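User: Hello! I have a structure open in front of me and would like a close look at one part of it, with enough of the surroundings to place that part in context.

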Amino acid sequence: MNTEIMNRLFLLVISVACALGAAAVEIKDVFSAMPDSVLPTLTRNNRLDMVDFIDSGMKAEVNDVFDGKATLDTLTADYLHLTLSEAVKVEMKLLQSSEALADTSDCVVCVVMTYGIKPKESSVRMFTSKWSPLPVPGFSRGGNVARLSPSSTDLTLQPIELIEYREEGEKIQQNGGNFSLITFKWNGKEYNNN
């Protein structure tokens, strides 16, 4: 009888440990498992190398599929920042979901890709942590520069108006328009600015 109780207790402890381990999803694991179609210039091996370099305290720079340099600049448990080129930056944020997702994920990944040098523009895409696409947020239809917060779940947008860029060192003239930041908060289901 004691052996049966011990076996059941052992199975219970193993089950709880597995459940807790599975629930501890980190952005590095999600990034490593990301399909190549999300960032076609980085292969899975590139992504794994970047994570290994960061874990080893090394500079996380790899050659992409076009033999250009790509760098994983920042990696925390729920946030990463990549520089794919001078003109392409990527941020990813892992967000806890308060509702059941179709593919049984419990997290959402917000991906912000910022293109250009002068001017810049961002696209915002949402996926489950298993990389099933989610609907594109209505506020991300273009004409914005978006940034994710490394330390919170906030997403800020700066609407882009017509900007005239002058020669290096000269003052940038903004032609009218509202350049204020709009902050969106994650509520467990979606970003909103209420």
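Which residues does T128 touch, not counting residues up to four places away in sequence?

Analyst: Happy to take you through it. Please keep in mind that this is a predicted model.

T128 touches L101, D103, S105, C107, V108, V109 and L134, leaving out residues up to four places away in sequence. T128 itself sits in strand β6, which covers residues 121-128. With a relative accessible area of 2%, T128 falls under the 20% limit and therefore counts as buried.

Let's follow the chain onwards from there. The loop between β6 and β7 (144-148) holds W131, and P133 is placed in that loop as well. W131 has a relative accessible area of 8%, so W131 is buried. Its phi is near 70 degrees, a positive value in a residue other than glycine. P133, in contrast, counts as exposed, at 67% relative accessibility. Leaving aside neighbours within four places in sequence, P133 is in contact with M126 and F127. The C-alpha atoms of P133 and V108 are 9.7 Å apart, with these positions 25 residues apart along the chain; V108 is also one of the residues that T128 touches.

There is another positive phi to look at, in T104. This residue is placed in the loop between β4 and β5, and its phi is near 65 degrees, again in a residue other than glycine. T104 is exposed, with a relative accessible area of 64%.

W131 also leads us into the interior. The largest nonpolar core has 27 residues, and those touching the most other members are F31, L39, L42, M50, L82, M92 and W131. At least two residues of this core come from each of α2 (27-32), α3 (44-55), β2 (69-75), β3 (79-85), β4 (88-96) and β5 (107-115). M92 is a good residue to centre your view on: not counting residues up to four places away in sequence, M92 touches I27, F31, M34, L39, D78, Y79, L80, V109, C110, V111, W131 and L148. V109 appears here and also among the residues touched by T128.

Another core, of 16 residues, lies apart from the largest one, and its members include Y79, M126, L157 and W186. M126 is also one of the contacts of P133. W186 takes part in one of the structure's two aromatic pairs. Its partner is Y191, in an edge-to-face arrangement with the ring centres 5.3 Å apart and 65 degrees between the planes. W186 and Y191 are both buried.

Back at the largest core, α3 deserves a look of its own. Its twelve residues should span 16 Å at 1.5 Å a residue, and the end C-alpha atoms are 17 Å apart, which agrees. The buried residues of this helix are N46, R47, M50 and V51. Viewed down the axis of α3, these buried residues fall within an arc of 130 degrees, so they line one face of the helix. They pack against α2, β1 (61-63), β2 and β3. On the other side of α3, N45 and D55 are exposed. Just after the helix, G57 takes a positive phi of about 75 degrees.

For the wider setting, the protein has three helices and twelve strands. Of its 194 residues, 37% count as buried. Among contacts between residues at least 6 apart in sequence, 37% join residues at least 24 apart.

One last word, on confidence. The mean pLDDT of the protein is 83, and 77% of the residues reach 70 or more. Over residues 162-167 the pLDDT is below 50, and this stretch has twelve contacts in the model beyond near neighbours in sequence. Residues 169-176 likewise have pLDDT below 50, with eleven contacts beyond near neighbours in sequence. Where pLDDT is low, the predicted coordinates should not be read in detail.

Technical notes:
Residues are numbered from 1 along each chain as its sequence is written. This is a predicted model: local features need pLDDT of at least 70, side-chain atom pairs count only at pLDDT 80 or more; totals for chains, interfaces and linings use all residues. Side-chain values use heavy atoms; hydrogens and water are left out. Rings of Phe, Tyr and Trp (its six-membered ring) pair if their centres lie within 6.5 Å; planes under 30 degrees apart count as stacked, over 60 as edge-to-face and the rest as tilted. Buried means under 20% relative accessible area, exposed over 50%, partly exposed in between (1.4 Å probe, protein chains only). pLDDT is the predictor's confidence in each residue, from 0 to 100. Contact means heavy atoms within 4.5 Å. A nonpolar core is a set of buried Ala, Val, Leu, Ile, Met, Phe, Trp, Tyr and Cys residues joined through side-chain atoms within 4.5 Å. Helices (H or I, at least four residues) and strands (E, at least two) are DSSP runs, numbered from the N terminus. The expected span of a helix is 1.5 Å times one less than its number of residues. The arc is that of the directions from the helix axis to the C-beta atoms.
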